[in-house]
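I opened the notebook today to look up how this chain is put together, beginning with the whole and then moving to single elements.

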Amino acid sequence: MNGRISSVKDIQLKPGITVDGIIKELRESGGFVGRNLAEAVDILSLMNKDRDTLKFLSFPAAPIATGLRGVLKEIVRMRLTDVIITTAGTLDHDLARCWKTYYKGDFTLDDVTLARKGFHRLGSVLIPKESYGPLLERKLQPFFSSLYNEGIREVSSAEVSSRLGEYVNDDSSILYWASKNKIPILIPGITDGAVGNQIWLFSQKHRDFKVNILKDQELLSNLIFLAKKTGALMIGGGISKHHTLWWNQFRGGLDYAVYITTALEYDGSLSGAPIREAVSWGKVKPKAKKVTVNGEATALLPFMITALLERIE
């Protein structure tokens, strides 16, 4: 209870209602996850209107294989975030989809048959093998050679991401817009993916070429300690969520926090931990505007961001 008791109201689906109009109806509906969804949009709206807030966006790679990539790209293109923390596969899928096509599949398809026919299955998305590993090797080895020929011997994950955005030069790409808008993309686990593997492969013949992840930490340190306030939209758990929370503990915690998850908290995992648990670690302020939304991001986020854009525009 927040000290204010109000009645449950029925959702009114009026002709011409906007997405944000539906979200506002959910706020008063007494619905379960619906109310949390409405609260999430309210918090994102406040966070984006607060000019003193450094805005984080974290997400894992899997959604980039889906159409949600377009929503995340718009967040970056419209500068609704200042810093991105993600996983290595985000680079893989964002680049691969600039150059080749992924296909709609089904969770129930036979994986033995798919493997024989030359497809990887990522949930309900099908990725032709030639659209992934071999493609990225053909494209990325010349890219790393070009960096090396410039005299570059050490890079951070943020620098790799920025240069890849310039290299791909495709306005459907998250990397492209992040590079264009000077929004750093940090990947604390950069070796855990195809792009990271290509860096390792390149280093086998160029032993002085290194990734220095401590340079990323220096960048985060400078951003965090200069920020008056911080906020985060965290999609899914894992290393991207944890790295976002971890760094914000050093300034007393996030001031705004929205977390979308399908995980349960009963196994003690970081992915399952709701935002309120982060308060006990000092990663989110006790009085922060915060909410956990239980649901799958490819279903929820398009509505949340559409409502946000209707509101802030």
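Before counting anything, I fixed the term: a residue is buried when its relative accessible area is under 20%, and exposed when that area is over 50%. The model I am working from is a predicted one.

**Entry 1, the whole chain.** With that cut-off, I find that 49% of the 313 residues of the protein count as buried. I looked up the accessible surface as well, which comes to about 15500 Å², and 54% of this belongs to carbon and sulfur atoms. The elements I have to place are 13 helices and 11 strands. The radius of gyration is 20 Å, close to the 20 Å given by the globule rule for 313 residues, so the protein is as compact as a globular protein of that length. Along the principal axes, I read a span of about 70 × 50 × 40 Å for the C-alpha trace. Of the contacts between residues at least 6 apart in sequence, 73% join residues that are at least 24 apart.

**Entry 2, charges.** I counted 41 positive and 34 negative side chains, and the centres of these two sets lie 2 Å apart.

**Entry 3, a covered helix.** Which residues of α9 are buried, and what covers them? Helix α9, residues 194–203, is mostly covered, with seven of its 10 residues buried. I noted these as Ala194, Val195, Gly196, Gln198, Ile199, Phe202 and Ser203. Their cover includes the helices α4 (88–99), α6 (133–149) and α7 (157–168), together with the strand β8 (210–211).

**Entry 4, a covered strand and its partners.** I then turned to strand β9, residues 229–235, where six of the seven residues are buried. Strand β1 (residues 53–59) pairs with β9 in the parallel sense over six bridges, and here Leu54 has Thr230 of β9 as its bridge partner. Strand β10 (residues 254–261) also runs parallel to β9, joined to it by five bridges, and Gly231 finds its bridge partner in Tyr256 of β10.

**Entry 5, an open sheet.** Why do β3 and β4 each have a side without a neighbour in the sheet? Three strands form this open sheet, in the order β3-β5-β4 and with antiparallel pairing. β3 (103–104) and β4 (119–122) stand at its edges with a single partner strand each, so one side of each is left without a neighbour in the sheet. Looking closer at one pairing, I found that two bridges join β3 to β5 (residues 125–128) in the antiparallel sense, with Tyr103 opposite Leu126 of β5.

Conventions
Residues numbered from 1 in each chain as written. Predicted model: local features only at pLDDT ≥ 70, side-chain atom pairs only at ≥ 80, totals over all residues. Heavy atoms only, no water. Rg over C-alpha atoms; globule rule 2.2 N^0.38 Å. Buried < 20%, exposed > 50% of the residue type's maximum accessible area, 1.4 Å probe, protein only. Contact = heavy atoms within 4.5 Å. Areas by Shrake-Rupley, 256 points an atom, 1.4 Å probe, with all protein chains shown as cover. Lys, Arg positive; Asp, Glu negative; His and termini not counted. Charge placed at Lys NZ, Arg CZ, Asp CG, Glu CD. Pairing = 2+ DSSP bridges.
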